[in-house]
Amino acid sequence: MKREIIQTKDGSTSIHLPEWNESYHSTNGAIQEANHVFIKNGLSLFEGKPISILEIGFGTGLNALITYNESLKTNQQIYYVGVEAYPVSLEEALQMNYPAEINPDLKDIYKVLHTSDWEKEIKLATNFSFQKRKQFFQAIDDIEKFDLIYFDAFGFATQPELWTEAIFKSMYNALKSNGILVTYACRSIIKNNMLAAGFSIEKLPGAPGKREMLRATKN
């Protein structure tokens with residue numbers, strides 16, 4: 001499948017798949033979307049507390065990098081697991097301009113995110129543990145392990161099988177009590193599948209270019 005490196009409207013890069021008319025991030029701004037959805041409406045709710053995060057769709061590593069950058073500011077203790085079934089190549093990853101746009105000092109860390117061994121936990125800093133898992137989302141079977149899930153799969157129109165009640169039930173099971181899932185998406189069918197899986201739902205203002213996003217809580 002053809003893959004193109006594109007620049008989004010906030011100046012940050014992404015990968016575009018012309019055959020699917022789908023991009024790894026919002027074309028209205030990759031970094032600003034990640035900060036809005038996953039940091040502002042997810043991580044910030046756990047300020048000052050140790051936290052375990054599961055990312056569904058590790059992709060280019062943007063969400064992991066911005067989370068690491070936040071940990072530098074707050075010294076928050078973070079355990080981060082990124083799940084990806086089809087990893088991007090190192091060549092593609094290194095064409096992303098995220099370190100330059102977020103924090104130039106993170107260039108080496110960003111490379112480590114992509115060159116570290118799969119299934120092996122590593123320490124990126126004394127307060128930040130990181131692991132990648134090469135895994136289909138349907139195979140996730142963690143039980144009450146995570147406080148926060150970044151749900152960043154390709155969109156429903158492209159891969160509806162990643163937004164089913166069964167998938168969200170496995171997300172529900174993976175979260176601790178009162179755990180939170182955040183995603184950029186806000187289709188009615190997605191909201192209904194989350195509700196059927198047991199979540200309570202909030203609609204929140206979306207990132208630039210999107211009217212709404214969803215935050216789901218395991219009560």
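**Entry 1: the hairpin and its sheet**

I began with β1 and β2, which pair in the antiparallel sense over four bridges. The model I am reading is predicted. I picked one bridge to follow by eye: Ile5 has Ile15 in β2 as its partner. Then I walked along the hairpin of β1 and β2, where five residues lie between the strands. Gly11 in this hairpin takes a positive phi near 95°.

Next I looked for the neighbour on the other side of β2. Two bridges join β2 to β3, and these strands also run antiparallel. Here His16 has Ser23 in β3 as its bridge partner. I wrote down the order of the open sheet as β1-β2-β3, three strands with antiparallel pairing. Which strands are at the edges? They are β1 (4-7) and β3, and each pairs on one side only. A reminder to myself: strands of a sheet pair through backbone hydrogen bonds, either parallel or antiparallel.

**Entry 2: aromatic pairs**

I searched the whole structure for aromatic pairs and got 16. Trp20 and Phe154 make one of them, and this pair is edge-to-face. Their ring centres are 5.8 Å apart, with 90° between the planes. I checked where the two residues sit. Trp20 is in the loop between β2 (13-17) and β3 (22-23). Phe154 is in the loop between β8 (146-151) and α6 (165-174). The pair links distant parts of the chain, 134 residues apart.

Is each ring buried or exposed? Trp20 counts as partly exposed because its relative accessibility is 32%. Phe154 counts as buried, because its value is 18% and the cut-off for buried is under 20%.

I then turned to Tyr80 and Phe128, a stacked pair. Their centres are 6.1 Å apart and the angle between the planes is 25°. Tyr80 lies in strand β5 (residues 78-84) and Phe128 in strand β7 (residues 128-134), so the pair ties together parts 48 residues apart in sequence. Tyr80 has 0% relative accessibility, so I noted it as buried. Phe128 also has 0%, so it went down as buried too.

Both rings belong to a cluster. Ring pairs link them with Phe38, Phe58, Tyr68, Phe130 and Tyr150.

**Entry 3: lysines over rings**

I looked for charges over rings and wrote down two. Lys132 lies over the face of Trp118, at 4.4 Å from the ring centre. The charged end of Lys218 sits over the ring of Tyr172, 4.8 Å from its centre.

**Entry 4: helix α6 and the core**

Tyr172 led me to α6, where Tyr172 is buried. Ile167, Phe168, Ser170, Met171 and Ala174 of α6 are buried as well. What do the buried residues of this helix pack against? I found β4, β8, β9 (175-183) and α7 (188-197).

I zoomed in on Met171. Leaving aside neighbours within four places in sequence, Met171 is in contact with Ile56, Ile140, Ile149, Phe151, Leu181 and Phe199.

The largest nonpolar core came next, with 69 residues. Met171 is among those with the most contacts inside it, and so are Phe151, Trp163, Phe168 and Phe199. Which helix gives the most to this core? The answer is α1 (residues 30-40), with six residues. In soluble globular proteins, nonpolar side chains tend to be buried together.

**Entry 5: two buried polar residues**

I looked up Thr60 in the loop between β4 (51-56) and α2 (62-74). Thr60 has 1% relative accessibility, so it counts as buried. What does its side chain reach? It reaches the backbone nitrogen of Leu62, at 3.5 Å. I also listed what Thr60 touches, not counting residues up to four places away in sequence. The residues are Ile15, Tyr24, His25, Val88, Met96, Tyr98, Tyr110 and His114. Ile15 is the β2 residue I met in the first entry, as the bridge partner of Ile5.

Asn69 is in helix α2. Asn69 has a relative accessible area of 8%, so I marked it as buried. Its side chain makes a polar contact with the side chain of Asn103, at 3.2 Å. Not counting residues up to four places away in sequence, Asn69 touches Ile102 and Leu106 as well as Asn103.

Note on methods:
Residues numbered from 1 in each chain as written. Predicted model: local features only at pLDDT ≥ 70, side-chain atom pairs only at ≥ 80, totals over all residues. Heavy atoms only, no water. Phe/Tyr/Trp six-rings, centres within 6.5 Å; stacked < 30°, edge-to-face > 60°. Buried < 20%, exposed > 50% of the residue type's maximum accessible area, 1.4 Å probe, protein only. Lys NZ or Arg CZ within 6 Å of the ring centre and 35° of its normal. Polar contact = N/O pair within 3.5 Å; in protein donor to acceptor, adjacent residues only side chain to side chain. Contact = heavy atoms within 4.5 Å. Pairing = 2+ DSSP bridges. Core = buried A, V, L, I, M, F, W, Y, C linked by side-chain atoms within 4.5 Å.
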